Amino acid sequence: MLTNARPDGAIIVTTPQEVAVATVRKEINFCKKMNLKVLGLIENMNGYCCPCCKEMWPIFCSGKVESVAKDLQIPLIGRIPLYSGITQSAEKGSNVLLDEPDCTTTKTLLDIARNITAM
């Protein structure tokens with residue numbers, strides 16, 4: 001399937017939990033076996049963005065995804081916090097990027113997009 005698609009590489013999205021990070025290591029090894037370059041990692045649910053004050057609160061252990069990126073010399077493209085506004089926008093068929101352009105999470109998503117585009 002990948003031989004027909006000819007992708008430039010893989011961007012792997014994971015959460016900071018230990019089981020997810022262990023799975024990511026396996027995914028990276030698979031990509032290497034398939035000669036598919038891993039362009040980078042994205043850490044999803046890296047904290048909670050309060051909808052009232054917009055402050056970030058850690059909810060999982062941090063540093064595991066960054067450690068994998070560093071150990072395997074893969075760029076960490078970004079970290080996406082949990083934010084209820086994403087769900088609310090999606091449920092009404094809208095886009096959080098347009099609904100809340102000044103939100104920390106929106107800025108994070110746009111930074112990630114810029115990082116990917118710059119690759």
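**Close-up views of a predicted model**

**View 1. Leu41 and the residues around it.** Leaving out anything up to four places away in sequence, Leu41 touches Ile12, Val24, Ile28, Val65, Val68, Ala69, Ile74, Pro75, Leu76, Ile77 and Gly78. Keep in mind that this, like every view here, comes from a predicted model. Leu41 turns up again in the next view, as one of the residues with the most contacts inside the largest nonpolar core.

**View 2. The largest nonpolar core.** Here we zoom out to a set of 13 residues. Those with the most contacts inside the core are Ile12, Val24, Ile28, Val38, Leu41 and Val68. Two or more residues each come from strand E1 (10–14), helix H2 (18–33), strand E2 (38–49) and helix H3 (64–71). Which element gives the most to this core? That would be H2, with four residues. Three of the names in this view, Ile12, Val24 and Ile28, are also on the list of residues that Leu41 touches.

**View 3. Ser89, tucked into helix H4.** Ser89 sits in H4, which covers residues 84–91. Is Ser89 buried or exposed? Its relative accessibility is just 3%, so Ser89 counts as buried. Setting aside neighbours within four places in sequence, Ser89 is in contact with Ser94, Asn95, Val96 and Asp99.

**View 4. Asn35 and its positive phi.** Most residues other than glycine have a negative phi. Asn35 is not a glycine, yet its phi is positive, at about 55°. You'll find Asn35 in the loop between H2 and E2. With a relative accessible area of 74%, Asn35 is exposed.

**View 5. Gln73, another residue with a positive phi.** Gln73 isn't a glycine either, and its phi is near 55°. Where is Gln73? Look in the loop between H3 and strand E4 (76–82). Gln73 has 74% relative accessibility, so it counts as exposed.

**View 6. A nonpolar patch on the surface.** Four residues, Ile11, Val13, Ile116 and Met119, make a nonpolar surface patch of about 310 Å². Met119 belongs to the segment after helix H6 (104–117). Why does Met119 count as partly exposed? Its relative accessibility is 47%, and the partly exposed class lies between buried, under 20%, and exposed, over 50%.

Key. Residues are numbered from 1 along each chain as its sequence is written. This is a predicted model: local features need pLDDT of at least 70, side-chain atom pairs count only at pLDDT 80 or more; totals for chains, interfaces and linings use all residues. Side-chain values use heavy atoms; hydrogens and water are left out. Patches are made of residues with over 30% relative accessible area and no salt bridge: like charges are joined within 9 Å, nonpolar side chains (Val, Leu, Ile, Met, Phe, Trp, Tyr) within 5 Å. Accessible areas come from the Shrake-Rupley method with a 1.4 Å probe; for residues, only the protein chains shown count as cover. A salt bridge is a side-chain nitrogen of Lys or Arg within 4 Å of a carboxyl oxygen of Asp or Glu. Buried means under 20% relative accessible area, exposed over 50%, partly exposed in between (1.4 Å probe, protein chains only). A nonpolar core is a set of buried Ala, Val, Leu, Ile, Met, Phe, Trp, Tyr and Cys residues joined through side-chain atoms within 4.5 Å. Contact means heavy atoms within 4.5 Å.
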